[in-house]
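Here are a few exercises to work through with the model open beside you. Try each task before you read its solution.

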Amino acid sequence: MTRPPAPDPPAENEPPGIPGFRTWRGVYLFVLGWFVLVVALLAIFSGFFS
Amino acid sequence: MNLADWVVLLGTIVGIAAYGSWRTRQIKSLNTYLKGGQSIGWGTIGLSVMATQASAITFLSIPGQGFESGIGFVQNYFGLPLALIIVCAVFLPIYRRLGVYTAYEYLGRRFDDKTRLLCAGLFLLQRGLAAGVTIYAPAIILSTVLGWRLDLVIVGAGLLVIIYTVTGGSQAVSLTQRLQMAVIFGGMVTAAAVLMARLPDGLGITGTAHVAGALGKLHAVDVSLDPARRYTLWTGLLGGLFLSLSYFGTDQSQVQRYISGPSLRESRLGLVFNALLKIPMQFFILLLGAFLFVFYQFGHPPVFFNQSEWRRHAESDHGETFRAIEERYDAAVAASQAAIRDWVRAREADDAAAASGARAVMVEANRRAEAVRGEAKAALRAADPRAKTKDSDYVFITFILTELPHGAIGLLVAVMFAAALSSKAAELNALGTTTTIDLWRQLRPLAAADEARNVRVARWFTAFWGFVAIGFALFAGFAENLIEAINILGSIFYGVILGIFLVAFFFRRVGGSAVFVAAVAAQAIVIAMYLSLNLGYLWYNVIGCAICIAGSLSLQAVVGPRTPRPVGRAT
């Protein structure tokens, strides 16, 4: 008897396909880190030039 | 503008519109017309999402904001990356799993038809009004400075966008937005390069930044807790998060852009693209405005940048008063220039004591010059109480027309039109889609099976909203600061809409009737608060959302928990 093919993994679990990132959680953490860095740089920029 | 400018302007704008119409002229399937056949890659989705949000107002008003108030407006976008993470993780998978055409379709399945219609109705009301502003805003500014007839600009731009949006639907919108964003990036880089080249000798980029900073234009992060302040770290994080979550998660003009990807991955990457680039992009546009402020400190700035409005009064019976103000302003600017040069010299000489003294003199001289600008606005108001006294929207276009070489002027005016058309097209596409899917198909359920008829109806509704926007832009007056007018309008409605969606996603025991009553009450309270309180408008996103969620939970607790109903995929 032929076993039915395994169902596709849920779309939510599909890998992001970005080098260096295995999960979407990693991508979101990177975005969060980038955001914190940008805000910190803006604060430093403000302080430096004012 | 000379012939070269006209060739660049018309070649770019009409060329892109014609290309979009031609490439998408044979669309017959509803899925392709409303979702672009779900074949659009992440790069185009990312540019399309960016182009939808960045209207002409972004490129006219935001440099003006940087010029007038500094770069603090960038905080308005602090909630955006956080909101996009939530949209990627929560909203997007649900929309894609259900295969919906509109965000409000989901509410019909999760709650009931009345909640779906309420949300779709709020969207149509808010976005329909904003569509008028989107077309009016650049038209009033460009017609004022270029001497074109306002009605012709509104009708011309409106008809152009109607033609390609009606012809090719979502696919034409995404296709043209990608090209329009290329024009916008090219134009803004050109303007920035010219500005840098025109800065005073020896000042350089760092020196310019120091002058801008010393004159209070580079204060990007404000941690004040004063609720009356419009742009602080907290309003940006909290209010901006709610505004962005509502805009990107529930506004059909954005939802339609990112559900058009062939897979969840492509849609998510398009949003991540925006989460990474939006704040830096807004920062650079604001910085351009702050640098324009310094540029004009060394040049001969007009006392009032809307020169058309100024001349109208200066050449009237009040002419003497206006000429006296101009003379006082010229003297104040000359004193300010001298003070700035003294400060720069003291800084370069590493003389801390002299620099400190010179800086105080410079700040005071600049304050006096700004005070004369205030007098100019007061004189305009005294001469005509209806006079438009906000001139910051005219700063960047004045720089473009007076400082850029021919050809580049045409390119920058094309930037304004490209931005106007790209956001307008997405709005019309969304308005037409929502009217077709959430209203017409609800009233005519038997017609849903007739694919060709659905496409035809969607085209008619898209055209209908295009003409409504043109009519609204032709006959309505708008608030003076155009970008704020749109954000205020959005903040009044977005919070409640977001509240409905958050209840749908996270409170499974709340039913349609409870959320419907709570949403209507929350909307009434937000409007009453806006009319009676002086509160930073971003807070209304938080307040509307909180009242809607709390009201839904309370009402459901009173009537007893409901049994969750399954939410199935579209057929």
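**Exercise 1: a helix pair across the interface**

α1(A) and α12(B) are roughly parallel to each other, and your task is to show why, starting from their crossing angle.

Before we start, a word on the source: this is a predicted model, in which local features need pLDDT of at least 70 and side-chain atom pairs count only at pLDDT 80 or more, while totals for chains, interfaces and linings use all residues. Residues are numbered from 1 along each chain as its sequence is written, and chains are lettered from A and ligands numbered from 1 in the order in which they are written.

Step 1. Get the geometry: the axes of α1(A) and α12(B) cross at roughly 5 degrees and come within 11 Å. Axes here are lines fitted to C-alpha atoms, for helices over the stretch in contact, with angles from 0 to 180 degrees between N-to-C directions. Helices are DSSP runs of H or I with at least four residues, strands are runs of E with at least two, and both are numbered from the N terminus.

Step 2. Apply the classes: under 35 degrees is roughly parallel, over 145 roughly antiparallel, 65 to 115 roughly perpendicular, and the rest oblique. So α1(A) and α12(B) come out as roughly parallel.

Step 3. Find the residues. From α1(A), W24(A), V27(A), V31(A), W34(A), V38(A) and L42(A) meet R268(B), V272(B), A275(B), L276(B), I279(B), P280(B) and F283(B) of α12(B). A contact means C-beta atoms, placed from the backbone, within 7 Å.

Step 4. Sort them: twelve are nonpolar, none polar and one charged. The nonpolar class is Ala, Val, Leu, Ile, Met, Phe, Trp, Tyr, Cys and Pro, the charged class is Asp, Glu, Lys and Arg, and the others, Gly among them, are polar.

**Exercise 2: the whole B side**

Work out which helix of chain B supplies the largest share of the side that touches chain A.

Step 1. Count: 25 residues of chain B are in contact with 20 of chain A.

Step 2. List the helices that each give at least two residues to the B side: α5 (79-98), α9 (204-214) and α12 (264-297).

Step 3. Pick the top one: α12(B), with nine residues.

Step 4. Check the chemistry of the B side: 19 nonpolar, three polar and three charged.

**Exercise 3: α9(B) and a neighbour in α12(B)**

Say what the buried residues of α9(B) pack against, and whether Q297(B) is buried or exposed.

Step 1. In α9(B), the buried residues are T208(B), A209(B), H210(B), V211(B), A212(B), G213(B) and A214(B). Buried takes 20 or more other C-beta atoms within 10 Å of a residue's own, exposed 12 or fewer, and partly exposed lies in between, with C-beta atoms placed from the backbone.

Step 2. Those buried residues pack against α1 (24-49) of chain A, plus α12, α14 (319-348) and α15 (352-383) of chain B.

Step 3. Now Q297(B), which sits in helix α12 of chain B. It counts as buried because 23 C-beta neighbours lie inside 10 Å.

Step 4. Leaving out residues up to four places away in sequence, Q297(B) touches V211(B), S336(B), Q337(B) and I340(B).

**Exercise 4: two positive phi values**

Where is D350(B), and is D350(B) buried or exposed?

Step 1. Place D350(B) in the loop between α14 and α15 of chain B.

Step 2. Count neighbours: with 8 other C-beta atoms within 10 Å, D350(B) is exposed.

Step 3. Read the phi of D350(B), which is near 55 degrees, a positive value in a residue other than glycine. Most residues other than glycine have a negative phi.

Step 4. Go back to α9(B): it is followed by G216(B), whose phi is also positive, near 80 degrees.

**Exercise 5: an oblique pair inside chain B**

Classify the packing of α4(B) and α17(B).

Step 1. Helix α4 (residues 56-69) and helix α17 (residues 408-443) of chain B have axes that come within 6 Å and cross at roughly 125 degrees.

Step 2. α4(B) and α17(B) are therefore oblique to each other.

Step 3. A56(B), T58(B), F59(B) and L60(B) of α4(B) meet V415(B), M416(B), A419(B) and A420(B) of α17(B). By class, that gives seven nonpolar, one polar and no charged residues.

Terms used. Contact = placed C-beta atoms within 7 Å.
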